[in-house]
Amino acid sequence: MRNIVAVGLLALLAGCEQKLHSTRSDARAMPSVAVAPAPLPEPPPAAQPPVAKPKPPPEIPGWAPPVAADTLVMLNGQPYHLLLAAETDSTHRLTASYEETPGRFKRVRGFEGYYTVTLREKSGRQIFSRKLRKGAFFKKAGADIVTESEAYLPQFLGYSRPLGALVFTLDFMVPDSDVGGQVVLMLDLAGNVLRLSEGRGPGGGPEAEPALSPNGSALLTASELLRPGRPPMRLERPDAELVGASFLSDSTVLVVYAPGKAHPIRFADGMEGYGRTPTVQQLRAPNAFVRNIRTGRVLRRFHYNGYYEEMGYTIPSYQLKATATQYLLDDKRGLYLLPLGGTGVPVEMRFAAMPRFTPPKKLAEVRFEINSAETSFAFYVDTSSVQPRIRYQRLAE
């Protein structure tokens with residue numbers, strides 16, 4: 001099954017306009033200055049034959065010009081040059097297939113692609129150069145999506161000394177569509193591939209952006225939590241869909257699920273697709289968990305239904321350092337207050353328990369906005385109060 005994702009492609013154009021300023025002077029020339037006669041104008045140059053403009057490169061779906069980037073990074077206190085490159089090979093065709101609907105397969109075509117990571121000392125001495133082909137990412141992002149995608153430049157996420165890994169994300173997109181995938185690549189400082197993991201599809205799948213923990217000791221992907229010296233903590237469950245995951249602190253992570261596993265179904269209009277049919281017991285069970293990063297132990301569990309799905313899951317939330325709290329929005333009920341340390345008990349604050357905001361904003365209040373699928377809210381949190389004091393404002397749609 002192909003994952004459908006909504007993607008917005010944004011191009012940032014930075015320009016520098018240079019203006020020429022001329023100053024006119026009304027000072028008279030000194031009489032002692034000799035003025036040379038103006039030279040006769042030169043005859044106009046002979047007409048040159050018109051030069052044909054170079055043709056732009058052909059627009060071939062799945063092909064793009066090579067791209068490269070050189071970034072100065074600090075690794076273990078020393079500066080290095082990290083060179084990233086991507087190239088599509090239009091002379092080497094690839095083919096793949098995918099399940100368009102349950103039991104029906106479609107064949108697709110594309111070009112080979114190469115992704116190169118090179119690490120050099122600041123002096124220029126090469127530490128390693130690692131080149132990967134598209135085939136290395138078939139299993140994690142889907143052979144059909146990777147085959148049709150052009151070769152995009154890998155993005156450097158960061159370096160984790162405890163994991164001994166340089167971490168990158170690689171995006172793949174089917175041309176002229178909203179279908180895509182992402183892979184998280186881990187390389188050691190010798191260029192060896194430590195691990196490939198599923199990343200967040202562009203605009204689709206669970207809301208689990210690949211990220212290093214605040215202290216860099218753990219790596220969260222869209223499918224697992226990686227920790228030094230311990231096996232990966234897989235986030236998938238056989239009876240639920242992963243909605244999202246995010247770090248609360250260096251020691252805790254929040255994981256949210258949608259009850260019921262997706263499976264092939266036939267809709268009322270006769271069309272076939274995939275959907276979830278959770279049981280009553282699954283709907284009543286806790287679906288949000290705060291877990292200890294190192295041990296994996298569940299510290300807190302509660303029921304949260306404020307997430308929504310629009311070409312991918314979204315957990316509307318805001319993390320406020322001043323109160324050491326993450327605020328989860330349920331636009332039908334109110335807020336869930338989640339202590340970032342994971343030791344406190346999650347607190348639900350209904351809208352009925354929160355006064356509506358009336359100006360002026362108080363000095364100790366911090367304002368932030370959270371958007372749900374249908375409504376936008378502004379919340380005003382009193383950071384001087386031990387007990388939660390929050391005013392809210394429903395914003396115009």
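# Close-up views

**View 1. Arg266 lies in strand β15 (residues 263-266).** Strands here are DSSP runs of E at least two residues long, while helices are runs of H or I with at least four, and both are numbered from the N terminus. Everything you see is a predicted model, where local features need pLDDT of at least 70 and side-chain atom pairs count only at pLDDT 80 or more, though totals for chains, interfaces and linings use all residues. Residue numbers start from 1 along each chain as its sequence is written, and side-chain values use heavy atoms, with hydrogens and water left out. Back to Arg266: its relative accessible area is 57%, so it counts as exposed (over 50%; buried is under 20%, and partly exposed is in between, using a 1.4 Å probe and protein chains only). If you skip residues up to four places away in sequence, Arg266 touches Met271 and Glu272 (a contact has heavy atoms within 4.5 Å).

**View 2. Val255 sits in strand β14 (residues 252-259).** Is Val255 buried or exposed? With a relative accessibility of 0%, Val255 is buried. Once residues up to four places away in sequence are set aside, the residues touching Val255 include Leu235, Leu242, Gly244 and Ala245. Asn287, Ala288, Phe289 and Arg291 are also among the residues that Val255 touches. For a sense of how the chain folds back, look at Val255 and Arg301: they are 46 residues apart in sequence, but their C-alpha atoms are 9.7 Å apart in space.

**View 3. Strands β1, β2, β3 and β4 make an open sheet of four strands.** Their order is β1-β2-β3-β4, and the pairing is antiparallel (two strands pair if DSSP finds at least two bridges between them). Which strands stand at the edges? They are β1 (67-75) and β4 (126-133), and each has a single partner strand, so one side of each is left without a neighbour in the sheet. Further in, β2 (residues 78-101) and β3 (residues 104-121) run antiparallel and are joined by 18 bridges. For one spot to zoom in on, find Ala96, whose bridge partner in β3 is Val108.

**View 4. Arg195 and Glu224 meet side chain to side chain in a salt bridge, 2.8 Å from N to O.** This pair links distant parts of the chain, with Arg195 in strand β8 (residues 193-198) and Glu224 in strand β11 (residues 224-226), 29 residues apart. A salt bridge here puts a side-chain nitrogen of Lys or Arg within 4 Å of a carboxyl oxygen of Asp or Glu. The two partners differ in cover: Arg195 is partly exposed at 30% relative accessibility, while Glu224 is buried at 1%. Widen the view and Arg195 and Glu224 turn out to be linked with Arg234 and Glu236 in a network of salt bridges. The structure holds 14 salt bridges.

**View 5. Arg391 and Glu365 form a salt bridge between their side chains, at 2.9 Å from N to O.** Here too, distant parts of the chain are linked: Arg391 belongs to strand β27 (residues 390-394) and Glu365 to strand β25, 26 residues apart. Arg391 and Glu365 are both buried.

**View 6. Ser372 sits in the loop between β25 (365-371) and β26 (376-382).** Ser372 is buried, at 10% relative accessible area. Which residues are in contact with Ser372, leaving aside its neighbours within four places in sequence? They are Tyr308, Leu329 and Asp331. The side chains of Ser372 and Asp331 also share a polar contact of 2.9 Å (N or O atoms within 3.5 Å; within protein, one must be able to donate a hydrogen and the other to accept it, and residues adjacent in sequence count only if both atoms are side-chain atoms). Asp331 has a charged partner as well: it forms a salt bridge with Lys332, with the closest N and O atoms 3.3 Å apart. Asp331 is buried at 18% relative accessibility, whereas Lys332 is exposed at 63%.

**View 7. Zoomed out, the protein chain has three helices and 27 strands.** Of its 397 residues, 41% are buried. Take the contacts between residues at least 6 apart in sequence: 49% of them join residues at least 24 apart.
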